Amino acid sequence: MQVQRVVLYSRPGKNGTPVPGNFRLEDTTLSSDLEDGDVLVRTLYLSVDPYMRCRMNEDTGAEYLTPWQLSECVDGGGVGVVESSRCASCTKGDVVTNFNWPWKTYAVMKGSVLQKIGRLDGCVRVVGICGSDEKCRALVEDLGFNAAINYRTEDIPARLKESCPHGVDVYFDNVGGNISDTVITQMNTGGHVILCGQISQYNKDVPYPPPLSEDIQETLRSKNITRERFIVLNYMNKADAALYELSQWVKSGQIKVLETVTDGIGSMGNAFCSMMTGGNIGKQIIKISD
């Protein structure tokens, strides 16, 4: 069968900024003959995420991330529907997901690695930091945040102090750099940093996680602030329970979902580069088929 796929055509280079031309869309063929345990899936949605910038390098700088290879199909989070199956746990019509979904319109995968889909804890004050007034509005009006700070136009230290007058207890860090340093300096003793991502640093040739300044390290030590890496692959034994609980919260309206949806596998490169510069509101996904 005829399918389309996206391959890594070139690397951004040392300290380079990704461009759509780093990716190439190709037409190829896929055999629909399945071996025992195989599943043929039609891709519905693909995800682009900041960590993928590290995978564009020859060395990702992280032991749990493998680099994408030149001229090879790239992969990441994806959702699809089973078209045919030779796996007892998957049947035609099942909607499934995986963290290593190839950027293809159709793919053959092992059913054992697929998860079926379908199957708020005491935060007194929630403040978000983002890069546009539109995003700030969405955080407050659509998602119910107490406040939102536009890091491009506002005085972050002053606005953070205003928004969190009693200091910060928990910081979900997806950005790194000066913004994270500012938040950490305003954290309370015994606070906790969840180190999920460092998008502001991914175009730099530095190890992951990027090193902190001596001042920030001293702040962490003196205030007894814990800073732990959050790697979703370490919690796969809890994935089914988490998906179920999260889906219930979404259905009940306790969690609201914001998405920026781009159509077509040919837009993968543009969508990735847009996400890296903040062009998305909410989760950036690419719709591959209905």
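**Exercise 1. Overall dimensions**

What radius of gyration would a compact globule of 290 residues have, and what does the chain have?

*Solution.* Keep in mind that this is a predicted model. Start with the rule for the radius of gyration, 2.2 Å times the number of residues to the power 0.38. For 290 residues, the rule puts a compact globule near 19 Å. The chain has 20 Å, so the value agrees with that expectation. Next, turn to the principal axes: along them, the C-alpha atoms fill a box of roughly 60 × 45 × 35 Å. Finally, add the secondary structure, which consists of seven helices and 14 strands.

**Exercise 2. Surface and charge**

Work out how much of the chain is buried, what its surface is made of, and how its charges are placed.

*Solution.* Take burial to begin with: 40% of the 290 residues count as buried, the cut-off being under 20% relative accessible area. Then take the surface, where about 15500 Å² is accessible and 50% of that belongs to carbon and sulfur atoms. For the charges, count 29 positive and 35 negative side chains. The centres of these two sets lie 1 Å apart.

**Exercise 3. A nonpolar patch**

Which residues form a nonpolar patch on the surface, and where is Phe-230 placed?

*Solution.* Begin with the members: Phe-99, Phe-172, Phe-230, Val-232, Leu-233, Tyr-235 and Met-236. Together they have about 600 Å² of accessible area. Now pick out Phe-230, which sits in the loop between strand 12 (226–229) and helix 6 (239–252). To join a patch, a residue needs over 30% relative accessible area. Phe-230 has 36%, so it is classed as partly exposed.

**Exercise 4. Backbone exceptions**

Find a cis peptide bond and two residues other than glycine with a positive phi.

*Solution.* First recall the background: most residues other than glycine have a negative phi, and most peptide bonds are trans.

- Step one is omega. The bond joining Tyr-208 and Pro-209 is cis, with omega about -5 degrees. Pro-209 belongs to the loop between strand 11 (187–195) and helix 5 (214–222).
- Step two is Ser-71. Its phi is positive, about 65 degrees. Ser-71 lies in the loop that runs between helix 1 (52–55) and strand 4 (75–85), and with a relative accessible area of 39% it is partly exposed.
- Step three is Asn-224. Here phi is about 55 degrees, again positive for a residue that is not a glycine. Asn-224 is found in the loop between helix 5 and strand 12, and at 56% relative accessibility it counts as exposed.

**Exercise 5. Salt bridges**

How many salt bridges does the count come to, and which parts of the chain does the pair Asp-36 and Arg-86 tie together?

*Solution.* The general idea is that side chains of opposite charge can pair when their charged atoms come close. The cut-off is a nitrogen-to-oxygen distance within 4 Å, and by this rule there are 15 salt bridges.

Look at Asp-36 and Arg-86, whose closest N and O atoms are 2.4 Å apart. Asp-36 lies in the loop between strand 2 (23–29) and strand 3 (38–47), while Arg-86 lies in the loop between strand 4 and strand 5 (95–102), so this salt bridge ties together parts that are 50 residues apart in sequence. Asp-36 is exposed at 60% relative accessibility, whereas Arg-86 is partly exposed at 44%.

Now look at Arg-55 and Asp-75, which meet at 3.3 Å, N to O. Arg-55 is in helix 1 and Asp-75 in strand 4, so the link spans 20 residues of sequence. Arg-55 is buried, with a relative accessible area of 5%, and Asp-75 is buried too, with 14%.

A further pair is Glu-154 and Arg-159, at 2.6 Å from N to O. Glu-154 is partly exposed at 28%, but Arg-159 counts as buried at 18%. To finish, note that Arg-5, Arg-24 and Glu-26 are linked in a network of salt bridges.

**Exercise 6. A distance across the chain**

What separation do the C-alpha atoms of Ala-241 and Val-124 have?

*Solution.* Locate Ala-241 in helix 6. With a relative accessible area of 53%, Ala-241 is exposed. Val-124 is 117 residues away along the chain, and the two C-alpha atoms are separated by 25 Å.

Definitions and conventions:
Residues numbered from 1 in each chain as written. Predicted model: local features only at pLDDT ≥ 70, side-chain atom pairs only at ≥ 80, totals over all residues. Heavy atoms only, no water. Patch = residues over 30% accessible without salt bridge, like charges linked within 9 Å, V, L, I, M, F, W, Y side chains within 5 Å. Areas by Shrake-Rupley, 256 points an atom, 1.4 Å probe, with all protein chains shown as cover. Salt bridge = Lys/Arg side-chain N within 4 Å of Asp/Glu carboxyl O. Helix = DSSP H or I, 4+ residues; strand = E, 2+ residues; numbered from the N terminus. Buried < 20%, exposed > 50% of the residue type's maximum accessible area, 1.4 Å probe, protein only. Lys, Arg positive; Asp, Glu negative; His and termini not counted. Charge placed at Lys NZ, Arg CZ, Asp CG, Glu CD.
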